Amino acid sequence: MNTIKIRKVRPDAIIPARASNGAVGYDVYASRVLDKGTKKPLCDLPITIAPGNSVLIGIGVQFAIPWPWQCEVRPRSGLANKFDIELSNSPGTIDPDFRGEAGVLLRNRGVNPFTVEKDMRVAQLVFSETLIPVFEESEELPPSRRGAGGFGSTGLFSITEGTEAYFEEIRQNDVFFMEIAVAASKKSNCVRGCKRGPGGRFRRDKKGLLTGQTRRFGCVIVKNNNVISMGYNAQHDGSALCSEVGCLRDKENIPSGTKIERCRAVHAEWWAIANLAKSGVGVSTVGATIYLTAEPCEVCAKLIAQLGIETMVLLKGAYPQNGTPLLREAGIGIRYVKL
């Protein structure tokens with residue numbers, strides 16, 4: 001949890017607050033009017049802003065924002081949409097070393113006067129961690145397709161490269177990592193649906209793969225374009241091999257999608273998560289992408305949601321299961337790729 005110290009500069013000031021659990025912005029409340037030049041208190045509210053004029057509204061609090069965080073002061077869409085009230089310096093920035101009373105410079109761009117009442121929500125604050133680069137002077141810069149083209153150089157209507165190239169790069173990456181997931185799935189030794197040959201052994205093709213296999217699944221977890229783990233469905237450590245003793249679920253006539261605990265196999269997703277945990281490399285799955293050759297079951301979907309996975313990529317036309325809706329509800333992006 002990130003903590004930011006805040007102090008009221010007047011007893012009746014209201015601490016900024018989010019309007020809902022899903023909001024990222026903290027609504028700020030008008031407290032008094034500040035002088036634009038000295039930033040000192042000028043008068044109490046209410047105050048009326050004439051069309052074309054601006055007023056600096058103090059919000060009655062000071063912040064001690066930790067380095068290297070920053071706070072952006074952004075307009076509230078309701079004020080802009082209904083009354084044409086905007087921020088003159090949008091977005092404003094509250095730096096970590098600023099200790100004065102935070103202010104909001106409201107400008108009336110409408111045709112009617114607007115009155116700012118005390119404790120009115122006038123703006124919102126959005127906090128974020130920033131990167132502080134180090135400049136390195138160079139005689140030459142790496143070339144780019146755009147070159148020195150500045151304002152308006154990409155035109156007003158057609159987009160000739162940027163977006164299309166970006167999505168094409170995503171598609172190529174999806175194909176690449178999905179092919180790895182498919183390759184991983186070929187290590188599956190699940191015999192569900194497989195037929196036995198002479199001697200009672202399960203049939204295999206020339207490559208040694210089980211023939212007639214209907215449960216061959218693979219999983220690859222990718223972060224920063226690197227594979228951090230992979231898995232496939234196979235019997236857990238210490239279990240009898242289904243290829244030798246037969247499928248337990250077939251033996252007990254268990255319908256597909258039910259009683260998944262009555263199975264010797266570890267799902268491909270479980271296997272990938274376990275491999276990552278056992279590796280000891282300490283790579284976080286937050287923001288990662290997971291590639292699956294089949295839709296996840298509900299149990300796997302819950303695990304994926306808890307991993308902080310950002311995107312799930314599914315093989316188009318893959319084996320259907322019932323966990324995908326859970327991931328949509330969790331806000332995880334879902335893409336499909338065709339090989």
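**Notes on a predicted model**

1. Let's start with Q70: this residue is buried, with a relative accessible area of 11%. Buried here means under 20%, so Q70 qualifies. Keep in mind as you look around that this is a predicted model.

2. Where does Q70 sit? You'll find Q70 in strand 8, which covers residues 69–74. Its side chain makes a polar contact of 2.9 Å with the side chain of S128. If you skip the neighbours within four places in sequence, the residues in contact with Q70 are I65, T93, I94, V126, F127, S128 and T130.

3. Now for a sheet. Strands of a sheet pair through backbone hydrogen bonds, either parallel or antiparallel. This one is an open sheet of 5 strands, with antiparallel pairing and the order 4-3-6-11-9. At its edges are strand 4 (41–43) and strand 9 (85–87), each of which pairs on one side only. On average, neighbouring strands in this sheet are turned by 50 degrees against each other, ignoring direction.

4. Zoom in on one pair from that order: strand 3 (residues 32–34) and strand 6 (residues 54–58) are antiparallel and pair over 3 bridges. To find your place, look for R32, which stands opposite G58 in strand 6.

5. Finally, try the hairpin of strand 14 and strand 15. Strand 14 (residues 218–223) runs antiparallel to strand 15 (residues 226–232), and 6 bridges join them. Here V222 stands opposite V227 in strand 15. How many residues lie between the strands of this hairpin? There are 2, and N224 takes a positive phi near 55 degrees in this hairpin.

Conventions: Residues are numbered from 1 along each chain as its sequence is written. This is a predicted model: local features need pLDDT of at least 70, side-chain atom pairs count only at pLDDT 80 or more; totals for chains, interfaces and linings use all residues. Side-chain values use heavy atoms; hydrogens and water are left out. Two strands pair if DSSP finds at least two bridges between them. Helices (H or I, at least four residues) and strands (E, at least two) are DSSP runs, numbered from the N terminus. Axes are lines fitted to C-alpha atoms, for helices over the stretch in contact, and angles run from 0 to 180 degrees between N-to-C directions. Buried means under 20% relative accessible area, exposed over 50%, partly exposed in between (1.4 Å probe, protein chains only). A polar contact is a pair of N or O atoms within 3.5 Å; within protein, one must be able to donate a hydrogen and the other to accept it, and residues adjacent in sequence count only if both atoms are side-chain atoms. Contact means heavy atoms within 4.5 Å.
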